[in-house]
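Colleague: Could you walk me through this model and tell me how each label was earned?
Modeller: Gladly, let's look at it together.

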Amino acid sequence: FDDSGREYLAEIILSRPEKVKAKIYQITHPKTESKLELILAQAILKEQAFDLVLTSATELGVKRIIPVITQRVVVRIVARDVDKKLFRWQKILQESASLSGRVKLPKIDYPIELEQLLDQNFSNQKIILWEKAPGGEFSELEKNFEIISQQGIVLLSGPEGGFSDQEAEKAIQKGFVPLGLGPRILRASTAPLTALALIQYRFGDLCQRLQT
């Protein structure tokens, strides 16, 4: 696939270190991309956990990932390493997209501070995963099913240790709806994937019938 929405059935007829040639036999347009505009704003986690989130978020149809630096992020990225990290993350997204049958790559942004994220003017429904959310928020979100399905969702998920109360309260003031995920505390890598699966099932295409 070439990130255009098309997939090619082809035969490799030349393979050299400097170039590869393929003969195309068939072009298809698989319906594997979710119609839901789903953005994951993920606080940077330790390498293995962050890799898992990138891989699974791609499988779950996320279209854009924004790495976020928050107060309790334990991984500090120095400026000279940003491009190297970004290249590595892009490779993970590319491999995950290929393995999951996607025909478009999710985009990944340069890491930004939480304050910068909160100041962005998103048109999507904004959600913050917070263990102190009172509960029942998902039922309220479902009441706006048509709006969310059309506008999409920005999901903000925290680091190991979660958001500080001040960070969560500021996000709520900026229009993020707090969302809890039940009585148990989930790992920083488990919480966003659980939420993404729930969101895609209710507003996206996880419950879609297979087209034959």
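Modeller: This is a predicted model. A good place to begin is the largest nonpolar core, which has 32 residues; Leu54, Ile153, Leu155, Leu196, Ile199 and Phe203 are the ones that touch the most other members.

Colleague: Which elements give two or more residues to this core?

Modeller: They are β3 (38-43), α1 (47-59), α2 (82-99), β7 (125-129), α4, β8 (153-157) and α7. Helix α7 provides the largest share, six residues. Another core, of 17 residues, lies apart from it, with Ile39, Ile66, Trp130 and Leu156 among its members.

Colleague: What makes Leu196 one of the residues that touch the most other members?

Modeller: Look at its neighbours: leaving out residues up to four places away in sequence, Leu196 touches Leu38, Leu40, Ala57, Leu60, Val62 and Leu155. Contact here requires heavy atoms within 4.5 Å, so each of these residues comes within that limit of Leu196.

Colleague: Which residues of α7 are buried, and what covers them?

Modeller: The buried ones are Ala191, Pro192, Leu193, Ala195, Leu196, Ile199, Gln200 and Phe203. Their cover includes β3, α1, β7, α4, α5 (145-151) and β8. In soluble globular proteins, nonpolar side chains tend to be buried together.

Colleague: How do you know that the span of α7 agrees with what its 14 residues should give?

Modeller: At 1.5 Å a residue, α7 should span 20 Å, and its end C-alpha atoms are 20 Å apart, so the two values agree.

Colleague: Why is the aromatic pair of Phe138 and Phe203 called tilted?

Modeller: There are three aromatic pairs by the rule used here. In this one the ring centres are 6.0 Å apart and the planes make an angle of 45 degrees. Pairing needs centres within 6.5 Å, while under 30 degrees would be stacked and over 60 edge-to-face, so this pair counts as tilted.

Colleague: What makes this pair a link between distant parts of the chain?

Modeller: Phe138 sits in helix α4 (residues 137-142) and Phe203 in helix α7 (residues 190-203), 65 residues apart. Both Phe138 and Phe203 are buried. Ring pairs also join Phe138, Phe145 and Phe203 into a cluster.

Colleague: How many cavities of 30 Å³ or more does a search of the whole structure find?

Modeller: The search finds one. The largest cavity has a volume of about 50 Å³, so it passes the 30 Å³ cut-off. Its lining includes Phe50, Asp51, Lys85, Arg88 and Trp89, and the elements that give two or more residues to that lining are α1 and α2.

Notes:
Residues are numbered from 1 along each chain as its sequence is written. This is a predicted model: local features need pLDDT of at least 70, side-chain atom pairs count only at pLDDT 80 or more; totals for chains, interfaces and linings use all residues. Side-chain values use heavy atoms; hydrogens and water are left out. Helices (H or I, at least four residues) and strands (E, at least two) are DSSP runs, numbered from the N terminus. Buried means under 20% relative accessible area, exposed over 50%, partly exposed in between (1.4 Å probe, protein chains only). A nonpolar core is a set of buried Ala, Val, Leu, Ile, Met, Phe, Trp, Tyr and Cys residues joined through side-chain atoms within 4.5 Å. The expected span of a helix is 1.5 Å times one less than its number of residues. On a 1 Å grid over the protein atoms alone, a cavity is a set of points where a 1.4 Å probe fits but cannot get out, and a pocket is an open set with protein on both sides within 12 Å along at least five of seven lines; lining residues have an atom within 4 Å of a point.
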